[in-house]
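Let's take a walk through this fold together. Have the viewer open, and we will go from one element to the next.

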Amino acid sequence: MGPGVLNHDDIAILFADRLDSGLPIKAFGDGTVKDGNGAHDWHLRPDLDLTHDYHSIESTAQIDGHQDTISSLRAESAAALAALYFLRSVCIFYNIRTSSSNIIYHLDNKEALRRLNASVYESFFHTANPITTDYDIWAALREATSSIPGTHIGIHVKGHQDNDIPLESLSLEAQMNIRMDALAGECHNTHSLPLAAKAHYCNQVSLILRGHIVTTKIHQQLRSAFTGPSLQAYIQRKENWDDHIFSTIDWPAHRSYLASLPFPKRVNVIKMVHNWQYTKSCAMFFQESELCVCPMGCRMEETALHHLACPNIPGSDL
Ligand SMILES: [Zn+2]
């Protein structure tokens with residue numbers, strides 16, 4: 001810490017004083033996600049005089065989330081949330097209950113900003129859908145903005161503006177955004193393992209299934225979590241497949257094909273795929289019939305796919 005640099009207590013007093021005096025606070029943040037691993041950072045300062053940093057505070061951290069579903073929206077929202085949590089600590093410690101300060105967040109993610117600027121707290125839980133993506137962070141964000149005095153305002157700053165324009169020619173907000181982008185990237189690079197999803201404070205719905213935070217299609221997810229393992233075991237036992245063979249099947253493609261079919265046809269296709277058609281062979285297996293021969297009189301055994309080869313079924317009937 002060099003001369004003139006404030007320690008953390010002084011920084012806390014500085015921001016407490018600004019909130020108490022109704023002076024504005026600038027907040028910046030950014031998030032990055034790569035290979036299912038997310039990081040974010042935040043930075044608070046009283047003004048935009050970038051020639052000195054001694055009265056600013058910033059931090060970086062990983063963001064929790066499942067590596068299959070974590071998105072930049074989650075990381076960017078977490079950046080604003082972390083800055084809010086610092087301000088909340090200041091308000092609690094210095095007992096600041098009201099403030100006329102504008103706390104202005106400069107982020108480059110429009111959806112994160114929309115959520116930050118969303119409806120007032122009282123109506124939030126009546127309008128927001130609890131199965132919205134990353135609802136858990138959003139709920140925490142709204143709870144934080146409602147409990148921290150001051151007016152919270154999110155403003156968009158376009159990211160990566162230094163791709164075309166020299167850094168020194170950019171607005172101070174754009175320069176800060178580039179700094180935040182770099183810091184989040186550094187933080188990401190120093191943490192090789194994703195941080196498992198966790199339930200956030202004040203979540204109305206927190207459903208975590210095998211490390212996934214479930215925020216969409218909760219009923220469907222619960223149903224498959226409940227029935228999936230036994231259904232998989234049944235199919236593997238029936239087909240004599242080990243885990244490796246089971247995993248080589250493109251189940252998402254199978255699911256989306258089935259979902260595209262009208263319900264009666266879907267039932268027939270599922271019966272055919274799993275050999276559940278009501279053939280004579282099947283009836284005999286369940287001891288409902290003593291004969292397995294084809295009822296069309298071809299004298300062949302009516303196996304699962306026999307109807308495709310039966311000489312007594314005209315091709316036009318298939
Ligand atoms: Zn036949």
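Which strands does helix 6 (residues 172-190) lie across? Helix 6 lies across strand 1, strand 2 (37-45), strand 3 and strand 4, and runs at about 40° to strand 1. Helices (H or I, at least four residues) and strands (E, at least two) are DSSP runs, numbered from the N terminus. Axes are lines fitted to C-alpha atoms, for helices over the stretch in contact, with angles from 0 to 180 degrees between N-to-C directions; contact is counted when the C-beta atoms of two residues, placed from the backbone, lie within 7 Å.

Before going further, note that this is a predicted model: local features need pLDDT of at least 70, side-chain atom pairs count only at pLDDT 80 or more, and totals for chains, interfaces and linings use all residues. Residues are numbered from 1 along each chain as its sequence is written.

Now to the sheet. Its five strands are in the order 3-2-1-4-5, with mixed pairing, and the sheet is open. Strand 3 (57-63) and strand 5 (151-156) each have a single partner strand, so one side of each is left without a neighbour in the sheet. From one strand to the next, the twist averages 20°. Strand 1 (residues 25-34) pairs with strand 4 (residues 102-107) in the parallel sense over four bridges, where pairing requires that DSSP finds at least two bridges. Ile 25 has Ile 103 in strand 4 as its bridge partner.

Finally, the domains. An automatic or database assignment gives domain 1 (8-208) and domain 2 (212-317). Their C-alpha centres lie 50 Å apart.
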